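This report walks through selected features of the structure shown below, moving from enclosed space to symmetry and then to single residues.

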2 protein chains.
Amino acid sequence: MIVADIVVRVCPLSAEAFAPFGDVIEIEGRDSRWINDNTCRRFDDLTHIDVLQHGGRPVLSVFEANPRSLPLQIRTLERHPLSSQAFIPLQRGPFLVIVAEDGAAASGHVHAFLSSGLQGVNYRRNTWHHPLIALGEISRFLVVDRGGSEENCEELTLDTVVLVTTSLPAGRPGGLEL
Amino acid sequence: MIVADIVVRVCPLSAEAFAPFGDVIEIEGRDSRWINDNTCRRFDDLTHIDVLQHGGRPVLSVFEANPRSLPLQIRTLERHPLSSQAFIPLQRGPFLVIVAEDGAAASGHVHAFLSSGLQGVNYRRNTWHHPLIALGEISRFLVVDRGGSEENCEELTLDTVVLVTTSLPAGRPGGLEL
């Protein structure tokens, strides 16, 4: 039995739906140009890498995440006041993206998106998001964020227990036992 | 029949062999730390993203390259005087990396490395290299390089014809007909 105050259903990730929170990193529907004697197409400058505030520098890392299962209880979010943070899946596996508007984060009114596995995301600076959630298998992601001496992570414990699921049960969400 | 002045054999890519030209982006043998409540390992800051010279900014793009076949004739190299340029394979397919020391580039004395497909590379600023060479299938790569108004690409036409191959024929290289 899982007790939850709020149940949130996962939606497909799209640039439009994710726009308030950052960029979807993908080439579908994006312009390109041929380079290198027409052997290669460049899909240029796919997101705003915003890491230079306060003397910051771009840092490229790999995260290797253990998979989680749905439905998933979440109780915390985090945000980076000085930088964006980009995640690009290296194994083409779907992963979960959970974000919230600033005023709605603490009360647990989050949005949950499912990346196709060909889509990365770049959280805009100061956007509340859940730490990386891989699905299915141990999964590697390329990460582009900020290096610098200043503190760049705020954490938030939600006032409510949020359950993220692929399907909403019948009836009104709130106070559910699944 | 392929006429070549110089024949260069492909070697496996390793951090040690590639060190004069830049970084191999890989997690094998690298330190990591557990983050996100021990659900994820971070392999931090895997290469020097050197893109901030002269007011530059980091740019994240995707290259989609048509595959080439070996043996491969090459006649040109390029370099970026203001920035590094990183390539990370998104389909785990092996790809070819061709680089040269500054004084040896024009004469065709290049080095050819084969990435395992789990290895990316970051060419150091001002390092002569051949444009991206995918193998096997149309292949996507994540690229991190520099945005800015100043010109940042020099091209070099080699004085010789270089043949890159997986095996050297018997006898001395030079003036070979394969």
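Which residues line the second largest cavity? In this predicted model, the lining is formed by Pro89(B), Leu90(B), Gln91(B), Arg92(B), Gly93(B), Pro94(B), Phe95(B), Glu137(B), Ser139(B), Arg140(B) and Phe141(B).

## Enclosed space

The structure holds two cavities of 30 Å³ or more, and the largest of these encloses about 150 Å³ of space. Its lining has 13 residues, of which Ile88(A), Leu118(A), Val62(B), Leu90(B) and Arg140(B) are the closest to the centre. Two or more residues of this lining are given by strand 9 (85–89) of chain A and likewise by strand 15 of chain B. By class, the lining of the largest cavity divides into eight nonpolar, two polar and three charged residues.

The second largest cavity holds about 50 Å³ of space, and the largest share of its lining, three residues, is contributed by strand 15 of chain B. Its lining residues comprise five nonpolar, three polar and three charged ones. Leu90(B) and Arg140(B), listed among the residues closest to the centre of the largest cavity, also appear in the lining of the second largest cavity.

## Relation of the two chains

A turn of 180 degrees, with a shift of 0.0 Å along the axis, lays chain B on chain A with an RMSD of 0.0 Å. The two copies are therefore related as by a two-fold rotation axis. In chain B, the C-alpha nearest the axis belongs to Leu90(B), at 2.8 Å from it. Both copies use the same surface, in that 100% of the contact residues of chain B recur in chain A.

## Ser61(B) and Asp145(B), with contacts to chain A

Ser61(B) is placed in strand 6 (residues 57–65) of chain B, and it counts as buried because its relative accessible area is 0%, where the cut-off for buried is under 20%. Its side chain makes a polar contact of 3.1 Å with the side chain of Asp44(A), while a polar atom of the Ser61(B) side chain also lies 2.9 Å from the backbone nitrogen of Asp45(A). Leaving aside residues up to four places away in sequence, Ser61(B) touches Arg42(A), Phe43(A), Asp44(A), Asp45(A) and Leu46(A) in chain A, together with Phe141(B), Leu142(B) and Val143(B) in chain B.

Asp145(B) belongs to strand 15 (residues 139–147) of chain B and is likewise buried, with a relative accessibility of 7%. The side chains of Asp145(B) and Arg42(A) are joined by a polar contact of 2.9 Å. Beyond residues up to four places away in sequence, Asp145(B) touches Arg42(A) as well as Val51(B), Arg57(B), Pro58(B), Val59(B), Ser84(B) and Gln85(B). Arg42(A) is thus listed among the contacts of Asp145(B) and among those of Ser61(B).

## A buried alanine in chain A

Is Ala112(A) buried or exposed? With a relative accessibility of 2%, Ala112(A) counts as buried; this residue lies in strand 11 (residues 110–114) of chain A. Not counting residues up to four places away in sequence, Ala112(A) touches Val8(A), Arg9(A), Val10(A), Cys11(A), Val97(A), Ile98(A) and Val164(A). Ala112(A) and Phe18(A), which are 94 residues apart in sequence, have a C-alpha to C-alpha separation of 9.8 Å in space.

Conventions: Residues numbered from 1 in each chain as written. Chains lettered and ligands numbered in written order. Predicted model: local features only at pLDDT ≥ 70, side-chain atom pairs only at ≥ 80, totals over all residues. Heavy atoms only, no water. Helix = DSSP H or I, 4+ residues; strand = E, 2+ residues; numbered from the N terminus. Buried < 20%, exposed > 50% of the residue type's maximum accessible area, 1.4 Å probe, protein only. Polar contact = N/O pair within 3.5 Å; in protein donor to acceptor, adjacent residues only side chain to side chain. Contact = heavy atoms within 4.5 Å. 1 Å grid on protein atoms, 1.4 Å probe; cavity = no way out; pocket = protein on both sides within 12 Å on 5 of 7 lines; lining within 4 Å. Points joined across faces, edges and corners; volume = space filled by probe spheres on them. Nonpolar A, V, L, I, M, F, W, Y, C, P; charged D, E, K, R; others polar. Least-squares fit on C-alpha atoms with pLDDT ≥ 70 in both.
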